[in-house]
Number of protein chains: 2
Amino acid sequence: MSIQKTGSFQGMKSLNRSIILNSIRVHGMISRSEIAKETRLTPPTVTNIVAELILANLVVERRPGTSNGGRKPILLAINADSRFIIGVDVGVKKVRLALTNLNAEVSMRRTEELPSGLNEGGFLLFLKEIVSKFKQEIEKGVQEKIIGIGVAMHGIVDHTSGIAIHAPTLKLENVPVKEALEETFSLPVRVENDAKALALGEKWFGVGKDMDHFFCLNVGEGIGGGLVQSGQLVHGNDSLAGEIGHTVVDLRGPVCSCGNRGCLEAFSSGNALKFKGKQLMNAGKAPKLTEKLRETLSPISGKIIYECAVEGDTVSREILEEAGEYLGIGILNLIHLINPQMIILGGGVSQASNFLLKPINEVVSARALSDRAKKTEIVVSKLGEEGSLIGAVTLVLSELFSHEY
Amino acid sequence: MSIQKTGSFQGMKSLNRSIILNSIRVHGMISRSEIAKETRLTPPTVTNIVAELILANLVVERRPGTSNGGRKPILLAINADSRFIIGVDVGVKKVRLALTNLNAEVSMRRTEELPSGLNEGGFLLFLKEIVSKFKQEIEKGVQEKIIGIGVAMHGIVDHTSGIAIHAPTLKLENVPVKEALEETFSLPVRVENDAKALALGEKWFGVGKDMDHFFCLNVGEGIGGGLVQSGQLVHGNDSLAGEIGHTVVDLRGPVCSCGNRGCLEAFSSGNALKFKGKQLMNAGKAPKLTEKLRETLSPISGKIIYECAVEGDTVSREILEEAGEYLGIGILNLIHLINPQMIILGGGVSQASNFLLKPINEVVSARALSDRAKKTEIVVSKLGEEGSLIGAVTLVLSELFSHEY
DNA sequence: TAATTTAATTAATAAAGCGAACAAAAGGCG
DNA sequence: CGCCTTTTGTTCGCTTTATTAATTAAATTA
């Protein structure tokens, strides 16, 4: 059994602090008395804690609200620009960097190409270098207000130790990202798997804002996912939870990159689309695709297939539709296992959602066990390409706003 | 967002109370100073709360422990016989009843046949009658010590309202079990799905005792499951979580009772075994089975197949092995999605575990993504046939020992 | 038997929420 | 315009409960 947190005065206050802080954050603007009503804290407690938060510069009083027949309420808001966070999203080919305030509003961004073939040491060196360069470009006044660095990373990440345990496409193992960055920058660093970061980002700033139970799929070249249960990110026992890409949807399906047969990833990932397109082209069954590639001089990719589908190519549409059907099966299994309120589609593939949502929804509503399961909302992320990056920032934010802080 | 619990003195104390109570429960016997060390509560706090617990008769001082070079510690234990609980397990054909103490030790049990064709009202009437009869048979002194009734029930159950929303095989919908029993017996009643109850039972009294993340399969005529994450039962958004039986393992598989194709339940449930056996017998490919049925004059069943397998019948063994392989796929999907530390096999099929565990483990270790996932322990429940019943009792217990109480 | 060690309790202290009363600021109404 | 009512927010004394330090209790050991 894990070590439990005991009830203490500090703990009690810390809990109330985070309740108030989150109430302000979620509402954008809210008065003290509204907070008291909503959270069931007493007015004096709210007053006291808010006073501390204002002193700490985390909260500011804004304009008075409209009266309800008595004294006007004083609206409180998060002092968004009092602190800043650096977010880093380590992808397969590139690293994105962003500077945001407490509302995760990006005020500066960079994208760096990730050199291939780096070993663990080289990778860390590169990471430190680009973060350092990025930080130096930030104006002095803001630089001092940076309170932490959040890193979203492809592969398996132990979020407690901040070690990237296994990043297959980068061919890296056990990289102590947190330790290295904390030492270099003397700032708290949080590291998380990119799909899980995305899910957290959706919980705080995306379509998952009001959801307590949801699953967020990250469909790009591969397929990952992040699960939120009771408002909390689920890591499982070894930080492996969420690997929906390698759940089996058809035992006799094609071989997946992981060596198994019939994984969802082998049907519906960007790579799977690419493979399927190539196959059809070789068989001479995808004239439009062949033409498009000759025109644009680009290699086959999920994006190209999507573009052809937009332009009306039936073959491309069928490829996407089939991918959607299998995604539907994977999502269905998910629904039956953990019964989320919402499924969020994120990652590169979310662009193609107009072709995917229909088959997914059809499969789910046809096969879900109960009416309630059929009603599981399936939506597309609105955070776009920067979703994981926003999630990375949120890793730091969530600690600032959390109970433990 | 759900209503949060605020930090308050009561809350703080209630939390510490539950921490201490659980520490005593888990250790069986433990001294005050050990509790303080383990829980990081201060000695006076432990003393104070323990004093209250003793006053409430929940805890007793037992014999002194062995000295560690100074004064002997006074060992504390849960006063097991200070309170009793009635557990009810509503199955498809029968209802089990049990009376237990705080250690979930059964001191009285009954099994009643469940009449078929009851409607909602008739079902409740029957339930009230058998519980009433059972209660009257309990000796007076113990009867007064009953603190609640826990009900485990087949089908979809809303555990907050205590309504059995959907019980397909009983053909019942929206049965207000909690309300009805609470009114009749003036005792707190908790109702839960049987597989989830089983999982809770395993967490408290079974092999899941020291596990924070596990999944408990209940394989009987159908296949259900209960998920424990961070020590807590997971219900999902509509109490539907855990339905592993209807996750798809092979799109082109046989038709399931739910109408879909390729559900795990259509491969590995007791019913699936039965069906498969019948199929082989009709094709004349299962001589041993045919003989056994003629001998025993009983209809084909999972149990018979198991018995034949024990007696060395290759056909029966193959049936079980195949069921195991598909179970392995289902479990694999589970592992990749939520990464539990342990998988517990419970329900009727757990008897046949000697034939099932091998293929399950083979599939998991062959196909799991990472070494850590391969190491997921797969074990058999030790609670046996009464697992869900113990779980039902635990529903009440967990509230007595919990923070909210 | 005295010294030491560990266990448990007591007493004084302090943290922080709570309830009641109070102040501040509106709006409503005569 | 001025008084009353309502809503918002604060102040103050009280209460709960954990914490620290000192104390008592009961062993072991030298």
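By class, the surface near DNA strand D has eight nonpolar, 14 polar and six charged residues. Here nonpolar covers Ala, Val, Leu, Ile, Met, Phe, Trp, Tyr, Cys and Pro, charged covers Asp, Glu, Lys and Arg, and polar covers the others, Gly among them. Near, for a residue, is taken as having a heavy atom within 4 Å of the strand.

Before I go on, some ground rules. This is a predicted model, where local features need pLDDT of at least 70, side-chain atom pairs count only at pLDDT 80 or more, and totals for chains, interfaces and linings use all residues. Residues are numbered from 1 along each chain as its sequence is written, chains are lettered from A and ligands numbered from 1 in the order in which they are written, and side-chain values use heavy atoms, with hydrogens and water left out.

Back to strand D. Of the 28 residues around DNA strand D, the nearest are A:Phe9, A:Ser33, A:Thr47, A:Ile74 and B:Phe9. Which part of DNA strand D do the atoms within 4 Å of the protein belong to? Sugar or phosphate accounts for 71% of them, and bases for the rest.

Now the polar contacts (pairs of N or O atoms within 3.5 Å; within protein, one must be able to donate a hydrogen and the other to accept it, and residues adjacent in sequence count only if both atoms are side-chain atoms). Polar side-chain atoms of A:Arg32 and of A:Asn68 each lie 3.2 Å from a phosphate oxygen of DNA strand D. From chain B, a side-chain N or O atom of B:Asn16 is 3.1 Å from a phosphate oxygen of that strand. H1(B) gives the most to this surface, five residues. Helices and strands here are DSSP runs, numbered from the N terminus (helices H or I, at least four residues; strands E, at least two).

Next, strand C. A:Phe9, B:Phe9, B:Ser33, B:Thr47 and B:Ile74 come nearest among the 28 residues around DNA strand C. Of the strand C atoms within 4 Å of the protein, 73% belong to sugar or phosphate. B:Thr47 places a polar side-chain atom 2.9 Å from a phosphate oxygen of strand C. A:Arg71 has a polar side-chain atom 3.5 Å from a base nitrogen of strand C, and a backbone N or O atom of A:Gly70 lies 3.4 Å from a sugar or linking oxygen. The most residues on this surface, five, come from H1(A).

On to the protein interface. The size of an interface is often given as the accessible area lost when the parts come together. Chain B and chain A bury about 5500 Å² between them, 57% of it on carbon and sulfur atoms; that is accessible area (1.4 Å probe) lost on being put together, summed over both. In contact terms (heavy atoms within 4.5 Å), 65 residues of chain B meet 65 of chain A.

How many salt bridges are there between chain B and chain A? The count is four, a salt bridge being a side-chain nitrogen of Lys or Arg within 4 Å of a carboxyl oxygen of Asp or Glu. One of them joins B:Arg252 and A:Asp250 at 2.3 Å, N to O. There are also 28 residue pairs in polar contact across the two chains, both residues at pLDDT 80 or more. H12(B) supplies the largest share of chain B's side, eight residues.

Terms used
Buried area is the accessible area (1.4 Å probe) that two parts lose on being put together, summed over both.
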